[in-house]
Amino acid sequence: MKTNEKNRIGENIRNLRREREVKQITLALELQIGRQSVSAYERGVTLPDIYLLIRIADYFDVTLDELTGRER
């Protein structure tokens with residue numbers, strides 16, 4: 001996966017979180033992960049696995065395509 005794709009996913013997570021005024025720690029607790037993991041995803045340092053992507057999409061009530069920035 002290209003670096004800019006990592007950043008797109010992270011940026012989408014950050015944008016969704018900020019739009020809904022959710023703190024990193026709140027999202028982390030909901031997903032049962034560390035706040036540092038949320039930060040790493042948002043910065044594009046690492047990517048969540050597909051199962052966590054599904055949980056994030058469900059949390060924000062968006063599709064996986066919307067979350068990952070996938071376009072046809």
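Start by selecting Asp65, which at a relative accessible area of 35% is partly exposed, a class that lies between buried (under 20% relative accessible area) and exposed (over 50%), computed with a 1.4 Å probe on protein chains only. The model is a predicted one, in which local features need pLDDT of at least 70 and side-chain atom pairs count only at pLDDT 80 or more, while totals for chains, interfaces and linings use all residues. Residues are numbered from 1 along each chain as its sequence is written, and side-chain values use heavy atoms, with hydrogens and water left out.

**Salt bridges**

Keep Asp65 selected and add Arg70, since the two side chains meet in a salt bridge with N to O at 3.4 Å; the term requires a side-chain nitrogen of Lys or Arg within 4 Å of a carboxyl oxygen of Asp or Glu. Arg70, with 46% relative accessibility, is also partly exposed. Side chains of opposite charge can pair when their charged atoms come close. By this rule there are three salt bridges.

Another salt bridge joins the side chains of Arg20 and Glu19, at 3.7 Å from N to O. Here Glu19 is exposed at 59% relative accessibility, whereas Arg20, at 39%, counts as partly exposed.

Select Arg17 and Glu42 next: they form a salt bridge whose closest N and O atoms are 2.5 Å apart. This pair links distant parts of the chain, with Arg17 in helix H1 and Glu42 in helix H3, 25 residues apart; helices (H or I, at least four residues) are DSSP runs, numbered from the N terminus. Both Arg17 and Glu42 are buried.

**Asn12 in helix H1**

Move along helix H1, which spans residues 3-19, to Asn12. Asn12 is buried, its relative accessible area being 18%. If neighbours within four places in sequence are left aside, Asn12 is in contact with Glu66, Leu67, Thr68 and Gly69, where contact means heavy atoms within 4.5 Å.

**Helix H3 and its crossing with H2**

Now select helix H3, residues 35-43, where the buried residues are Val38, Ser39, Ala40, Tyr41 and Glu42. Just after H3 comes Gly44, whose phi is positive, near 80 degrees.

Add helix H2, residues 24-31, whose axis comes within 8 Å of that of H3 and crosses it at roughly 110 degrees; axes are lines fitted to C-alpha atoms, for helices over the stretch in contact, and angles run from 0 to 180 degrees between N-to-C directions. H2 and H3 are therefore roughly perpendicular to each other, a label given to angles of 65 to 115 degrees. H2 passes H3 in a right-handed crossing, a term for a near helix turned clockwise from the far one by less than a right angle. To display the contact, select Gln24, Ile25, Leu27 and Ala28 in H2, which meet Arg35, Val38, Ser39 and Glu42 in H3. By class, this contact of H2 with H3 has four nonpolar, two polar and two charged residues, with Ala, Val, Leu, Ile, Met, Phe, Trp, Tyr, Cys and Pro counted as nonpolar, Asp, Glu, Lys and Arg as charged, and the others, Gly among them, as polar.

**H2 against H4**

Leave H2 on display and bring in helix H4, residues 50-60, which packs with H2 at an angle of about 120 degrees, the axes being 11 Å apart. H2 passes H4, too, in a right-handed crossing. On the H2 side the residues to select are Thr26, Leu27, Glu30 and Leu31, which meet Leu52, Arg55, Ile56, Tyr59 and Phe60 in H4. The residues of this contact divide into six nonpolar, one polar and two charged.

Terms used
Helices (H or I, at least four residues) and strands (E, at least two) are DSSP runs, numbered from the N terminus. Angles under 35 degrees count as roughly parallel, over 145 as roughly antiparallel, 65 to 115 as roughly perpendicular and the rest as oblique.
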